[in-house]
Amino acid sequence: MSVSVQLVPMTEIEFRAYDQAEAQEYASENVRAGYWAEDEAIDRARKAHRLLLPQGASTAGHHFCHVVDPKSGERVGAIWWFEDQEGSTPRAFVYHILVEPRWRRRGYASAALTEVETQARALGMVAVGLHVFAHNPDAVRVYERLGFRTASLNMLKRLLP
């Protein structure tokens, strides 16, 4: 079953709610990966967002979109991607993709990433990058199926129990 999606820009109010929820998710993922302590995680996530997004949703090059099923009109998720125009190889970077639990495993994430590719290509981008935590093998498989390949690998060794 092949699905298609539309990426519909968020309003400023929608972005604020999304930003809070995404910061919480990012904090949790970093705790789970062993990068951050739980008591500092949300502050670190919010700081990372402030540095990346000094003008919030209006920060140049950043796109915050609802992932919408065009047949039903329902919002099935969200995606945040960035136009990285620096250097001689402009590329898009997907900071976050979310498909709501009840819509998962239907192809919406793949369709959303394919739509980002289409938009990025139209803007002259030559590649699309993203980050995935190693504790999310389902996402890794989806990305690999779409043609993404590992470009670098972060590793962590815990020194304290």
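These legends describe close-up views of a predicted model.

**View 1. The largest nonpolar core, centred on the contacts of Leu7 and Ile79.**
This core has 23 residues. Within the core, Leu7 and Ile79 have the most contacts. At least two core residues come from each of β2 (62–68), β3 (75–84), β4 (91–99), α3 (108–122) and α4 (137–145). Helix α3 gives the most, with 6 residues. Beyond four places in sequence, Ile79 is in contact with Leu7, His63, Phe64, Cys65, Val67, Val94, His96, Ile97, Ala112, Leu113 and Val116. Apart from this core lies another, of 7 residues. Tyr18, Leu53, Phe64 and Ala78 are among its members.

**View 2. Strand β2 and its pairing with β1 and β3.**
Strand β2 is mostly covered, with 6 of its 7 residues buried. Strand β1 (residues 6–9) runs antiparallel to β2 and is joined to β2 by 4 bridges. Here Gln6 stands opposite Val68 in β2. The pairing of β2 with β3 is also antiparallel and spans 7 bridges. His63 stands opposite Trp81 in β3. In the hairpin of β2 and β3, 6 residues lie between the strands. Gly73 of this hairpin takes a positive phi near 80°.

**View 3. Helix α3 and its buried residues.**
Helix α3 has 15 residues. From first C-alpha to last, α3 reaches 21 Å, close to the 21 Å expected at 1.5 Å a residue. The buried residues of the helix are Tyr108, Ala111, Ala112, Leu113, Val116 and Ala120. What do the buried residues of α3 pack against? Their partners are β1, β2, β3, β4, β5 (127–130) and α4. Two of the buried residues, Ala112 and Val116, are four places apart in the chain. An α-helix has 3.6 residues a turn, so residues three or four places apart point the same way. Gly124 follows α3 and has a positive phi, near 90°.

**View 4. Aromatic rings, with the pair of Trp80 and Tyr95.**
The model holds 9 aromatic pairs. Is the pair of Trp80 and Tyr95 stacked or edge-to-face? The ring centres are 4.7 Å apart and the planes meet at 25°; under 30 degrees counts as stacked, so this pair is stacked. Trp80 lies in strand β3 and Tyr95 in strand β4, so the pair ties together parts that are 15 residues apart in sequence. Trp80 counts as buried because its relative accessibility is 2%, under the 20% cut-off. Tyr95 is partly exposed, with a relative accessible area of 30%. Both residues belong to one aromatic cluster, together with Phe15, Tyr18, Phe64, Phe82 and Phe93.

**View 5. Asn30 in helix α1.**
Helix α1 covers residues 12–33 and contains Asn30. Is Asn30 buried or exposed? Its relative accessible area is 5%, under the 20% cut-off, so Asn30 is buried. Leaving out residues up to four places away in sequence, Asn30 touches Tyr35, Trp36 and Phe133.

**View 6. Arg46 in helix α2.**
Helix α2 spans residues 38–52 and includes Arg46. Arg46 has a relative accessible area of 43%; this lies between the 20% and 50% cut-offs, so the residue is partly exposed. Arg46 and Tyr26 are 20 residues apart in sequence. In space, their C-alpha atoms are 9.2 Å apart.

Technical notes. Residues are numbered from 1 along each chain as its sequence is written. This is a predicted model: local features need pLDDT of at least 70, side-chain atom pairs count only at pLDDT 80 or more; totals for chains, interfaces and linings use all residues. Side-chain values use heavy atoms; hydrogens and water are left out. A nonpolar core is a set of buried Ala, Val, Leu, Ile, Met, Phe, Trp, Tyr and Cys residues joined through side-chain atoms within 4.5 Å. Buried means under 20% relative accessible area, exposed over 50%, partly exposed in between (1.4 Å probe, protein chains only). Contact means heavy atoms within 4.5 Å. Two strands pair if DSSP finds at least two bridges between them. The expected span of a helix is 1.5 Å times one less than its number of residues. Rings of Phe, Tyr and Trp (its six-membered ring) pair if their centres lie within 6.5 Å; planes under 30 degrees apart count as stacked, over 60 as edge-to-face and the rest as tilted.
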